[in-house]
Amino acid sequence: MTSDVWLPIAADAIDGLPPTSASGLVYRFWDGGPDFPADPARCVFYTVPYMRGAEVAVRPLGAMRSVRVVQTLSAGTDHVQSGLAGLPAGVRLCNAKGVHEASTAELTLALVLASLRGIPSFVEGQRAEEWRSGFYPALADKSVLIVGYGSIGAAIEDRLAPFECARVARVARSARTTERGEVRALADLPALLPDADVVILSTPLTAATKGLAGAGFLARMKDGALLVNVARGPVVDTKALLAEVESGRLRAALDVTDPEPLPAGHPLWHAPGVLISPHVGGSTSAFMPRATRLIADQVTRFAAGEELRNVVATTGA
């Protein structure tokens, strides 16, 4: 008897998938379109379509009575959480650790450097044929605080290393020690924020981090500091951030916003000192080869009854 594996990438584009003849797995392509490729009740391994939103992600879950694995292609899993409650016990939810670290860290450094060195102003000046010379802040000698020190946070610090920062502080859900140094707990944020010239948010969106960068958090940041959000939009209180940037006290570089996509006419578009990229931290040429390697490895492990990678939750546990 065969079972279905739903993939948002065509199976013939993924090297290393177990053959149907040996595994009994049938590969069904579904990238979030209106029609399902087969009966969801036969799906045992569901790979969530990438960047198609929560509504698409959870749409088939209610009918997936046989599913054993839900695999996202994003680092975060908040977009599927609402669909997990109705699943059978023992379903493993896996994220895409290993897929997005390099690309997200690259964009983070690009946003930091562009904001500090005045690149948006230079682009405007080029269009207006204006020579906007002057002195601009450097990343060298700055104090950087990374809030959310998982694999992406660590990749960001790896890329900060050559820039001669004065110091890098690290914060995660719980305190620990890494090869690069101490990681402080979220409870230590109030003491760390006043010393940071650049605050980088790379934390997952959870009940504990929703609205984390609210009015109190932002008020503790030093005058002229830069807030960089490559996490999720709702980690930042948009209203509170607008008050700070419109006053000129803080600057921001945002790959994610709340709401998202940012609608036309929203005040963030034209807020002073704000640089916005349209949630493209992981959307690079590095995505496809890394995503297909992850899928092939996970499905191979599943077919062999081996332990899966990147399990972040199990239903009924």
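The protein chain has nine helices and 14 strands, taken as DSSP runs (H or I, at least four residues, for helices; E, at least two, for strands) and numbered from the N terminus. The model is predicted: local features need pLDDT of at least 70, side-chain atom pairs count only at pLDDT 80 or more, and totals for chains, interfaces and linings use all residues. Residues are numbered from 1 along each chain as its sequence is written, and side-chain values use heavy atoms, without hydrogens and water.

The radius of gyration of the protein chain is 21 Å, which agrees with the value near 20 Å for a compact globule of 317 residues. This radius is taken over C-alpha atoms, and the globule rule is 2.2 Å times the number of residues to the power 0.38. The C-alpha trace spans about 70 × 45 × 35 Å along its principal axes. Of the 317 residues, 49% count as buried (under 20% relative accessible area, with a 1.4 Å probe and protein chains only). Contacts are heavy atoms within 4.5 Å. Among those with a separation of 6 or more, 61% join residues 24 or more positions apart.

R170 lies in strand β7, residues 167-172. R170 counts as buried because its relative accessibility is 8%. Its side chain reaches the backbone oxygen of E182 at 3.1 Å. Beyond its neighbours within four places in sequence, R170 is in contact with L145, I146, Y149 and E157. The contacts of R170 also include R180, G181, E182, V183 and R184.

Definitions and conventions: Buried < 20%, exposed > 50% of the residue type's maximum accessible area, 1.4 Å probe, protein only. Polar contact = N/O pair within 3.5 Å; in protein donor to acceptor, adjacent residues only side chain to side chain.
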